[in-house]
Amino acid sequence: MKDKKIILSGIQPTGTFTLGNYIGAVSNWKKLQEDYNCIYMIANMHAITVRQDPTALRHNTLKAYALLLACGIDPERSIAFIQSHNRCHAELNWVLACSTQFGELSRMTQFKAKSEKHPDDINAGLFTYPVLMAGDILLYQSDLVPVGIDQKQHLELARDIAQRFNQKYGETFTIPDAYIGEVGAKIMSLQDPTSKMSKSDENPNSCIFILEDKDTIIRKFKRAITDSDTCVRFAEGKDGINNLITIYSCVTGKSFDEIEREFDGKGYGDFKIAVGEAVSDHLAPVRNEFDRLMTDKDYLKDCYTKGAEKAERIAYRTVSKAYKKVGFLQL
Ligand code: TYM
């Protein structure tokens, strides 16, 4: 496994993926399979830091796994698994928690945001979540972690925890680097382009889900908030248009200059429809493949079973090493 660099990343199975998840993370994951040994997981243990309906979580986990494959993750070439199927994640979490400071976790902006959103359920898991995430990464001796910009702080913490552990107990973990795409690392809400596109946004028009049909996608883009200018160009202060140009660029592969030339003399209305069509056309094969995979549950089960076995084999070595280093008597 060490002939190529190791990549690990994960995504929570809370509803279907958003266009932000897709552009900021999963579409990069697909490309990275060419040059790296890739490990991708559905982070269902992370999902229960906020209240979940158990039946819905089970179903959404399977859907998220199918969607991962539909987005082009090849389970033969990469390891694609479901987090709770590998007990090593929970085990390393405990060991790492004892090398993480309360103060560090208190500074996590996502914890602050989520606890404001769910004031009646500020549970310990929500607080220690970045430790579980550090474990996800360190278990596989990952070199690179492809994520959107909102995960950068968690990644820095994972590096700090790994460095501290290595210093205390001797070389145990590879220190991971974040891999954040130059374009599309933060796709913004279509209704408030100063905040991140998020699946938990209460306004359904703010967020595109990648399984939505063409009409819905185009309608949401038509309603996207822009500005009072009429010229399609990327410029400071034009957050809404900048976001649409970024999205259009990511799904068509066109540069910002090409896009500005293409829409020279055309208004925002034409541009919004073009973005909606391009996004929907780009995602059509994903939707078709997802529908096909969901009719073949045996295949999905076979893939996630094999994925879990491969993941556990690697992770077990790391947990055993960490257990030895901290002084746990071996059985
Ligand atoms: P999650 O499920 O919130 O998001 C999955 C990935 O999508 C990226 N992302 C975005 N990128 C650009 N624009 C957006 N609007 C946008 N919204 C989400 C996220 O940055 C992320 O890369 N804690 C992680 C899951 C996780 C993980 C890990 C990731 C668990 N263990 C280990 C990396 C390594 C999370 O909640 O992502």
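**Entry 1: polar pairs between the domains.** I looked first for polar contacts across the interface of domain 1 and domain 2 in this predicted model, and the rule returned three residue pairs, both partners at pLDDT 80 or more. I then asked how many salt bridges the rule finds across the interface of domain 1 and domain 2; the count came back as zero.

**Entry 2: the side of domain 1.** I went through the secondary structure and noted that helix H1 (19-32) and helix H3 (54-70) each supply at least two residues of the side of domain 1 that touches domain 2. H3 gives the largest share of that side, with four residues. Sorting the side of domain 1 that touches domain 2 by class, I recorded nine nonpolar residues, three polar ones and one charged one.

**Entry 3: bounds and extent.** I took the bounds from the domain assignment, in which domain 1 covers 6-185 + 297-326 and domain 2 covers 204-291. I noted 30 Å between the C-alpha centres of domain 1 and domain 2, and I listed 13 residues of domain 1 in contact with 16 residues of domain 2. For the area buried between domain 1 and domain 2 I have about 1,300 Å², with carbon and sulfur atoms giving 84% of it. Leu-19, Tyr-22 and Ala-70 supply 39% of the area that domain 1 buries against domain 2, which is more than any other three residues.

**Entry 4: the ligand.** Which of the 27 residues around the ligand come nearest? I wrote down Gln-12, Tyr-129, Asp-136, Asp-150 and Ile-187. I then looked up polar distances for three of these residues, beginning with Tyr-129, where a polar side-chain atom lies 2.4 Å from a nitrogen atom of the ligand. For Asp-136, an N or O atom in the side chain is 2.6 Å from a nitrogen atom of the ligand. For Ile-187 the partner is a polar backbone atom, 2.8 Å from a nitrogen atom of the ligand.

Terms used: Residues are numbered from 1 along each chain as its sequence is written. This is a predicted model: local features need pLDDT of at least 70, side-chain atom pairs count only at pLDDT 80 or more; totals for chains, interfaces and linings use all residues. Side-chain values use heavy atoms; hydrogens and water are left out. Domain bounds come from an automatic or database domain assignment. Contact means heavy atoms within 4.5 Å. Buried area is the accessible area (1.4 Å probe) that two parts lose on being put together, summed over both. A salt bridge is a side-chain nitrogen of Lys or Arg within 4 Å of a carboxyl oxygen of Asp or Glu. A polar contact is a pair of N or O atoms within 3.5 Å; within protein, one must be able to donate a hydrogen and the other to accept it, and residues adjacent in sequence count only if both atoms are side-chain atoms. Ala, Val, Leu, Ile, Met, Phe, Trp, Tyr, Cys and Pro count as nonpolar, Asp, Glu, Lys and Arg as charged, and the others, Gly among them, as polar. A residue is near a molecule or strand if one of its heavy atoms lies within 4 Å of it.
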